[in-house]
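Student: Hi! Can we go through this protein together? I'd like to start with one of its helices.

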Amino acid sequence: MTQQSVATADKLDAAVLKVAGVVVLGAIMSILDVTVVSVALPKFQSEFDASYARVAWTMTAYTLALATVIPLSGWAADRFGTKRLYMVALALFTIGSGLCATADTIGELIGYRVLQGLGGGMLMPLGMTIMTRAAGPHRIGRLMAVLGIPMLLGPIGGPILGGWLIDTASWHWIFLINLPIGVVALIYAQMALPKDAPEPSESFDFVGMLMLSPGLALFLYGVSSLPEAGTFAATKVWAPMLVGGALVVAFVLYSFKPRHPLLDLRLFRNRSLTIASLTLFVFIIAFMGAGLLFPSYFLQVRGETTLTAGLLMAPQGIGALLTMPIAGILADRVPIGRTVPFALALIVVGFFGFTQVDPQTSYLLLEGSLFVMGLGMGGTMMPIMTSALRTLQAQEVARGSTLVNILQQIGGSVGAAVMSVILTNELNGSRPIPGLVDESGKPISEAGLAIASQQRPELLQQMPVDPSIIERGLDFAAKSFATTFWVAFALVVLTFVPAALLPRRRQPAQLDDPQGELVKTPVVIH
């Protein structure tokens, strides 16, 4: 390749940016939906008269559906074509959003969230595969820098938009907002994506599917039932975890036999993919699990409105906005083993602030902590994911992106469930208020009443209690959050162990396929 052609290849041409726009729109829909719903959980509690553990299933059901459908996306993309399948995923997600807005019960809402997840689960791996054909190895970092900025609209804008819609209109609008975006994305995809040319597909691994998809769903269902059950001894927790775990183990043992397994675990022979995936998995368990609790602290302990809680989360996204373009440029020039540890150190420093929370913690400290965490996030997530995939052969990219996405979903689900269990168990230790019981006859705890009164002050008129009880309850609730954040903090520190093994020497960004053609590596969108 001549110097002139290399220089030309380095530039982001209009065709690449046009395709990238489609992927960005789909990813923003998916990410916006997760962050919007995270600030709506207290609203769902009062609207549907349900416990926090129950309404948390609106998040969990979405994740379960994602985990179930992701293993199929690699084969389906080969069989039906990426454009056609991507548009089907967009349509499913959009229809699911519309149905969510019509839900009359928490059960209906959870069911419709499953439909949303079936579409959302295909958007990410398909987006990676589409970008494989659009970006060459020399442009990965540059394209990340361009895509990273609009991609952060979800994490920054989601909580703010969700809070505003809930406070000024109703919770239905957090789902209805997806309808116009979905229609625009479908039209854009039809116009911008290249026409499908599906090749004869590999044989479909039905045996693997019958083990992996139900196994993942059952295992994550059991883990996600922990907050509501409160103990591993509950049948609804250990039984699905045991059966699901057995199916996943059986799949792992089986997957090395067929020529084209549903999930190609042979890819873990690639050291770069293995180390990057392990680093990402540990990080997501800690950070994503605790991250869902940040808005809950502002809502339940500090008594903020949903909109204010969303605005208070913005510094995290702004911090990532500043460092993500820099990380994208560095990813092309510096091995991530030399940059990611510094980004992780920023996250650790920022996270420490939340381990110190109490009912009066300075907002300046908390907002500064979120901003510093955001700076670290911008230099961590996408570089690690890119490292996981950039050394794969062309024919391995779709399978590799599927692997990474499944690990993300498992890590996120496990993290959210573990952190919710720790917080719930801590709150359950609050002393009951003598003579006060709820509608089911259970004693009302000091922390429980204090949290409820932050969102519904009229409760204190209906249940006259000593103000010192509310003060003691808020203090106990804040300590419960702090304990949970300490566990997450320890896990983030643990991420340094696999991160120390990340490549510290420059890796080849491209490989030749058997025909000697240039292999393009994917941009990872999350």
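Tutor: Sure, let's begin with helix H16, residues 293–300, which is mostly covered: eight of its eight residues are buried. Keep in mind that this is a predicted model.

Student: Which residues are buried in H16?

Tutor: They are Leu293, Phe294, Pro295, Ser296, Tyr297, Phe298, Leu299 and Gln300.

Student: I see some rings in there. How many aromatic pairs does the count come to?

Tutor: The count comes to 16 aromatic pairs. One of them joins phenylalanine 294 and phenylalanine 485, with 5.3 Å from centre to centre and 50° between the planes, so it is classed as tilted, the class left between under 30 degrees for stacked and over 60 for edge-to-face. This pair links distant parts of the chain: phenylalanine 294 sits in helix H16 and phenylalanine 485 in helix H25 (residues 467–494), 191 residues apart.

Student: Are those two phenylalanines, 294 and 485, buried or exposed?

Tutor: Both phenylalanine 294 and phenylalanine 485 are buried. They also belong to one aromatic cluster, together with Tyr297, Phe298, Phe351, Phe354, Tyr363 and Phe481.

Student: Cool. New topic: what about H15, how many residues does that helix have?

Tutor: Helix H15 covers residues 271–291, which is 21 residues. From its first C-alpha to its last it reaches 29 Å, close to the 30 Å expected at 1.5 Å a residue.

Student: Where does H15 bend?

Tutor: At isoleucine 284, by about 30°. H15 is also mostly covered, with 16 of its 21 residues buried.

Student: And what caps its N-terminal end?

Tutor: Asparagine 270 does that for H15: one of its side-chain oxygens lies 3.1 Å from the backbone nitrogen of leucine 273.

Student: Let's jump to threonine 380. Where does it lie?

Tutor: Threonine 380 lies in the loop between helix H20 (363–378) and helix H21 (381–389).

Student: Why does threonine 380 count as buried?

Tutor: Because its relative accessibility is 0%, and the cut-off for buried is under 20%.

Student: What is threonine 380 in contact with?

Tutor: Leaving aside neighbours within four places in sequence, threonine 380 touches Phe283, Ala343, Leu344 and Ile347. In addition, a polar atom of its side chain lies 2.6 Å from the backbone oxygen of glycine 376.

Student: Last one, the whole chain: how many helices and strands does it have?

Tutor: The protein chain has 26 helices and two strands. Of its 526 residues, 56% count as buried. The chain exposes about 21,400 Å², and carbon and sulfur atoms supply 66% of that.

Key. Residues are numbered from 1 along each chain as its sequence is written. This is a predicted model: local features need pLDDT of at least 70, side-chain atom pairs count only at pLDDT 80 or more; totals for chains, interfaces and linings use all residues. Side-chain values use heavy atoms; hydrogens and water are left out. Helices (H or I, at least four residues) and strands (E, at least two) are DSSP runs, numbered from the N terminus. Buried means under 20% relative accessible area, exposed over 50%, partly exposed in between (1.4 Å probe, protein chains only). Accessible areas come from the Shrake-Rupley method with a 1.4 Å probe; for residues, only the protein chains shown count as cover. The expected span of a helix is 1.5 Å times one less than its number of residues. The bend at a residue is the angle between axes fitted to the seven residues ending there and the seven starting there. A polar contact is a pair of N or O atoms within 3.5 Å; within protein, one must be able to donate a hydrogen and the other to accept it, and residues adjacent in sequence count only if both atoms are side-chain atoms. Contact means heavy atoms within 4.5 Å. Rings of Phe, Tyr and Trp (its six-membered ring) pair if their centres lie within 6.5 Å; planes under 30 degrees apart count as stacked, over 60 as edge-to-face and the rest as tilted.
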